[in-house]
Amino acid sequence: MKLDGRKVLVVGASSGVGRSAAVAMVQRGAEVVFAARRTDLLAEATREAGAGHVVGIDVRDPVSIEAAVDTTVERLGTIDAILYTPGVSIISRLREMTAEKWSDILAVNLIGPNLVFSTALPHLSETAVVAVVSSDSSSAPRHSLVPYGCSKAALEATMEGWRTEEIG
């Protein structure tokens with residue numbers, strides 16, 4: 001698939017699925033912002049891709065999200081697609097989960113993507129696509145991964161909510 005001229009923000013592009021997707025999009029002709037906390041790894045990824053913009057972002061921090069979206073818009077102008085790939089999972093039984101552990105999981109897996117999308121919304125093209133990486137754990141949480149599954153189920157519900165509110 002050719003992506004010539006498409007302007008894409010990939011959040012979580014320092015490793016894993018996010019990095020692979022961002023590199024592949026550049027190689028298919030997209031102009032890509034590689035965004036994540038580990039900017040040293042983003043620099044490596046853009047070298048691997050042969051192009052791309054490095055933007056630091058901590059999806060747990062609303063100020064960082066706003067700054068990253070602002071920088072993305074400065075570099076790309078309009079955004080044609082967002083891919084959100086970060087995810088946190090803590091292996092722990094429910095009885096051992098602390099408020100801090102719950103907060104970290106929800107901040108990255110649920111709150112972060114929603115803040116990225118709401119911040120970027122005024123800058124999305126009319127045909128923009130917004131996608132998240134989720135998990136089959138959202139419908140069948142696994143032992144000691146229940147909070148992760150819950151966060152992904154809530155993320156899928158909010159994605160449906162975005163569709164309902166923005167598309168109809």
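Leaving aside its neighbours within four places in sequence, which residues is S92 in contact with? I will start there and then move outward to the sheet and the helices, keeping in mind throughout that this is a predicted model.

The answer is that S92 touches M97, K101, S144 and L145. The residue itself sits in the loop that runs between strand 4, residues 79-84, and helix 4, residues 99-120. Although it is a loop residue, S92 has a relative accessibility of 4%, and because the cut-off for buried is under 20%, S92 counts as buried.

Let me turn now to the sheet. There are five strands in an open sheet, arranged in the order 3-2-1-4-5, and the pairing is parallel. Strand 3, residues 53-56, and strand 5, residues 124-132, are at the edges with a single partner strand each, so each of them has one side without a neighbour in the sheet. On average, and ignoring direction, neighbouring strands of this sheet are turned by 20° against each other. As a general reminder, strands of a sheet pair through backbone hydrogen bonds, and they do so in either a parallel or an antiparallel way.

If we look at one pairing in detail, strand 1, residues 7-11, runs parallel to strand 2, residues 31-36, and the two are joined by five bridges. Within this pair, K7 is placed opposite E31 of strand 2, while V8 is placed opposite V32. Strand 2 is also largely enclosed by the rest of the structure, because five of its six residues are buried.

Next come the helices that pack on this sheet. Helix 3, residues 62-76, lies across strand 1, strand 2, strand 3 and strand 4, and its direction is at about 160° to strand 3. Helix 4, for its part, touches strand 1, strand 4 and strand 5, making an angle of about 175° with the direction of strand 4.

Finally, how do helix 4 and helix 5 lie relative to each other, roughly parallel or roughly antiparallel? Their axes come within 9 Å and cross at roughly 15°, helix 5 being residues 146-167, and since angles under 35 degrees count as roughly parallel, the two helices are therefore described as roughly parallel to each other. The crossing is right-handed. On the helix 4 side the contact includes W102, L106, L110 and F117, and on the helix 5 side it includes Y148, L155, M159 and W162. The residues of this contact divide into 12 nonpolar, five polar and one charged.

Note on methods
Residues numbered from 1 in each chain as written. Predicted model: local features only at pLDDT ≥ 70, side-chain atom pairs only at ≥ 80, totals over all residues. Heavy atoms only, no water. Buried < 20%, exposed > 50% of the residue type's maximum accessible area, 1.4 Å probe, protein only. Contact = heavy atoms within 4.5 Å. Pairing = 2+ DSSP bridges. Axes fitted to C-alpha atoms, helices over the stretch in contact; angles between N-to-C directions. Parallel < 35°, antiparallel > 145°, perpendicular 65-115°, else oblique. Left-handed = near helix turned anticlockwise from the far one by under 90°. Nonpolar A, V, L, I, M, F, W, Y, C, P; charged D, E, K, R; others polar.
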